[in-house]
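Me: Please take one part of this structure and look at it closely. I am a first-year student, so give me the cut-offs as you go.

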Amino acid sequence: MKNFAVKTIVAIGIGAALFFVLSTYIAIPTPVPNLKLSVHYPVVGVMAMLFGPLAGCLMGLIGHFLSDLASGWGVWWSWVAGSAFFGLAMGFVGYKIKLSNGEFGIKGAVIFNVVQVIAHLISWGLIAPGLDILIYNEPVEKIFLQGAVGSVGNILSTAIVGTILCFAYASTRAKKGSLKKED
């Protein structure tokens with residue numbers, strides 16, 4: 001953490017807090033046990049792109065931990081790991097898409113959405129269910145149903161809200177060379 005700028009540490013705190021609030025208090029319950037849908041992943045995805053993979057990982061890890069702690073069903077480390085992975089993966093996208101420079105067009109939207117779909121499928125189709133089975137000995141059918149419903153909801157919310165957030169953020173940034181003096 002020696003190389004973290006103060007703004008990155010603050011961003012981790014804000015990202016984790018937004019994850020907690022959005023997933024705990026602004027969420028839609030599903031008929032699947034212990035599964036809610038929300039817009040916390042688009043927010044973490046965009047913030048991870050701006051502040052990097054380690055910051056995104058910590059936002060997902062801390063935010064999901066706090067959300068689980070407040071939920072009453074205890075901390076499910078398997079799903080915390082899925083959120084941490086999602087933040088990490090989206091942080092790496094920030095190296096390809098220069099959102100902080102105001103660079104986000106159709107190509108950026110496509111890259112953002114391809115990566116978020118893959119990250120969600122890995123998080124909720126492999127990591128969380130696999131660790132649930134290994135750590136908690138959960139029933140396979142229940143866990144993969146949770147993973148499938150969670151994946152679809154998270155992919156859709158990230159595609160819609162995350163893409164809008166990226167376009168909105170990019171529109172507030174001065175493009176590189178936009179202040180160049182003309183001859």
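Reply: Here is a close look at one helix, α2, and the core around it.

This is a predicted model, where local features need pLDDT of at least 70, side-chain atom pairs count only at pLDDT 80 or more, and totals for chains, interfaces and linings use all residues. Residues are numbered from 1 along each chain as its sequence is written, and side-chain values use heavy atoms, with hydrogens and water left out.

Start with the helix itself. Helices here are DSSP runs (H or I, at least four residues), strands are E runs of at least two, and both are numbered from the N terminus. α2 covers residues 40-51. It has 12 residues and reaches 16 Å from its first C-alpha to its last. That is close to the expected 16 Å, where the expected span is 1.5 Å times one less than the number of residues. Gly52 follows α2, and its phi is positive, near 100°.

Now the surroundings. Buried means under 20% relative accessible area, exposed means over 50%, and partly exposed is in between (1.4 Å probe, protein chains only). In α2, 10 of the 12 residues are buried. Among them are His40, Tyr41, Pro42, Gly45 and Met49. The cover over the buried residues includes α1, β2 (36-38), α3, α4, α5 and α6.

Next, the core. A nonpolar core is a set of buried Ala, Val, Leu, Ile, Met, Phe, Trp, Tyr and Cys residues joined through side-chain atoms within 4.5 Å. In soluble globular proteins, nonpolar side chains tend to be buried together. The largest core here has 30 residues. Met49, Met90, Leu99, Phe104, Phe112 and Cys166 have the most contacts inside it. Two or more residues come from each of α1, α2, α3, α4, α5 and α6. α2 gives the most, with seven residues.

Leu99 shows how the helix is met from outside. Contact means heavy atoms within 4.5 Å. Leaving aside neighbours within four places in sequence, Leu99 touches Val46, Met49 and Leu50, and its contacts also include Phe104, Cys166 and Tyr169.

Last, the rings. Rings of Phe, Tyr and Trp (its six-membered ring) pair if their centres lie within 6.5 Å; planes under 30 degrees apart count as stacked, over 60 as edge-to-face and the rest as tilted. The whole structure has 10 aromatic pairs. Tyr41 belongs to a cluster linked by ring pairs, together with Phe19, Trp79, Phe86 and Trp124. Tyr41 is also one of the buried residues of α2.
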